[in-house]
Amino acid sequence: MSNAKLPSTVRKSKGDDLVANGNQDFVTMTIADQMFGIPVLQVQDVLGHQRITRIPLAPPEVAGSLNLRGRIVTAIDVRLRLGLTGRPKDKPGMSIVVDLRGELYSLMVDSVGEVLSLTTEDFERNPATLDPRWREVSTGIYRLNGQLMVVLDVPRLLNFTTVEAA
């Protein structure tokens with residue numbers, strides 16, 4: 001992973017989450033002015049704007065594919081996956097590459113922030129007021145200095161069968 005250093009007192013727990021003394025580390029990202037986070041151990045790489053080849057007949061959330069050091073990576077437009085409007089063409093965005101069951105996916109986001117180490121005690125379940133589509137793909141939230149960070153569940157985010165059935 002680029003530009004992220006892991007603390008020396010880290011251990012892996014169930015579900016590939018990162019736990020260090022009751023803390024969990026997240027890579028933060030912004031999508032439509034909303035902060036999201038995913039566990040740092042799920043992140044393979046962080047990329048700037050990439051050239052993407054469209055895949056015919058793919059769901060709208062699948063932006064296409066890209067070549068990352070010889071591997072084909074499926075690019076997912078997280079804005080569309082969350083039911084938001086597409087990113088303006090004049091704002092190229094960034095990507096967070098994740099591995100799900102041996103397949104690489106590029107999560108296209110507006111920007112990538114920093115790695116935050118948050119205490120598990122501050123974690124909260126999704127509030128009832130959170131958009132149902134967001135609740136479906138998140139595990140919960142953190143309240144950070146007046147800002148809400150929604151924790152994305154990568155396997156559920158990349159599960160398109162629930163969206164098609166809805």
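Biologist: How many bridges join strand 3 to strand 4 in this predicted model, and in which sense do the two strands run?
Modeller: In the predicted model, strand 4 covers residues 34-39. F26 of strand 3 stands opposite P39 there. The two strands run antiparallel, and the number of bridges joining them is six.

Biologist: Which residue of the hairpin takes a positive phi?
Modeller: The hairpin is made of strand 3 and strand 4, with two residues between the strands. A positive phi near 50° is found there, and the residue that takes it is A32.

Biologist: Which strand is joined to strand 3 by seven bridges?
Modeller: The partner spans residues 111-119 and runs antiparallel to strand 3. In this pairing N23 stands opposite T119. The strand is strand 10.

Biologist: Is strand 3 largely enclosed or largely open, and why?
Modeller: Strand 3 consists of the nine residues 23-31. Seven of the nine are buried, so the rest of the structure leaves strand 3 largely enclosed.

Biologist: In what order do the five strands of the open sheet lie?
Modeller: The pairing in this sheet is mixed. Strand 4 and strand 12 pair in the parallel sense over three bridges, with F36 opposite V150 in strand 12. The edge strands, each pairing on one side only, are strand 10 and strand 11 (138-144). The order is 10-3-4-12-11.

Biologist: What does the twist average from one strand to the next?
Modeller: The twist is taken between successive strands of the sheet. Its average is 30°.

Biologist: How many residues does the largest nonpolar core have?
Modeller: Those with the most contacts inside this core are M29, F36, I38, I96, V98, L107 and L158. Among the elements that each supply at least two residues are strand 3, strand 4, strand 8 (94-100), strand 9 (103-109) and helix 3 (154-157). A second, separate core of nine residues includes L47, V73, A75 and L104. The largest core has 30 residues.

Biologist: Which residues does V98 contact, leaving aside its neighbours within four places in sequence?
Modeller: V98 is one of the residues with the most contacts inside the largest core. With those neighbours left aside, its contacts are I38, Q42, V43, Q44, E103, L104, Y105, L107, V154 and L158.

Biologist: With which side chain does the side chain of D45 make a polar contact?
Modeller: D45 is found in strand 5. Its relative accessibility is 8%, so D45 counts as buried. The polar contact is at 2.6 Å, and the partner is R69.

Biologist: What geometry does the aromatic pair of F26 and Y142 have?
Modeller: The centres lie 5.4 Å apart and the planes stand at 65°. Because F26 lies in strand 3 and Y142 in strand 11, the pair ties together parts 116 residues apart in sequence. Both F26 and Y142 are buried. The geometry is edge-to-face.

Biologist: Which residues form one aromatic cluster?
Modeller: The rings of F123 and Y142 have centres 5.5 Å apart and planes at 65°, so this pair is edge-to-face. It links the loop between strand 10 and helix 2 (132-136), where F123 lies, to strand 11, which holds Y142. F123 counts as partly exposed because its relative accessibility is 28%, whereas Y142 counts as buried at 1%. The cluster is formed by F26, F123 and Y142.

Technical notes. Residues are numbered from 1 along each chain as its sequence is written. This is a predicted model: local features need pLDDT of at least 70, side-chain atom pairs count only at pLDDT 80 or more; totals for chains, interfaces and linings use all residues. Side-chain values use heavy atoms; hydrogens and water are left out. Buried means under 20% relative accessible area, exposed over 50%, partly exposed in between (1.4 Å probe, protein chains only). Helices (H or I, at least four residues) and strands (E, at least two) are DSSP runs, numbered from the N terminus. Two strands pair if DSSP finds at least two bridges between them. A nonpolar core is a set of buried Ala, Val, Leu, Ile, Met, Phe, Trp, Tyr and Cys residues joined through side-chain atoms within 4.5 Å. Contact means heavy atoms within 4.5 Å. Axes are lines fitted to C-alpha atoms, for helices over the stretch in contact, and angles run from 0 to 180 degrees between N-to-C directions. A polar contact is a pair of N or O atoms within 3.5 Å; within protein, one must be able to donate a hydrogen and the other to accept it, and residues adjacent in sequence count only if both atoms are side-chain atoms. Rings of Phe, Tyr and Trp (its six-membered ring) pair if their centres lie within 6.5 Å; planes under 30 degrees apart count as stacked, over 60 as edge-to-face and the rest as tilted.
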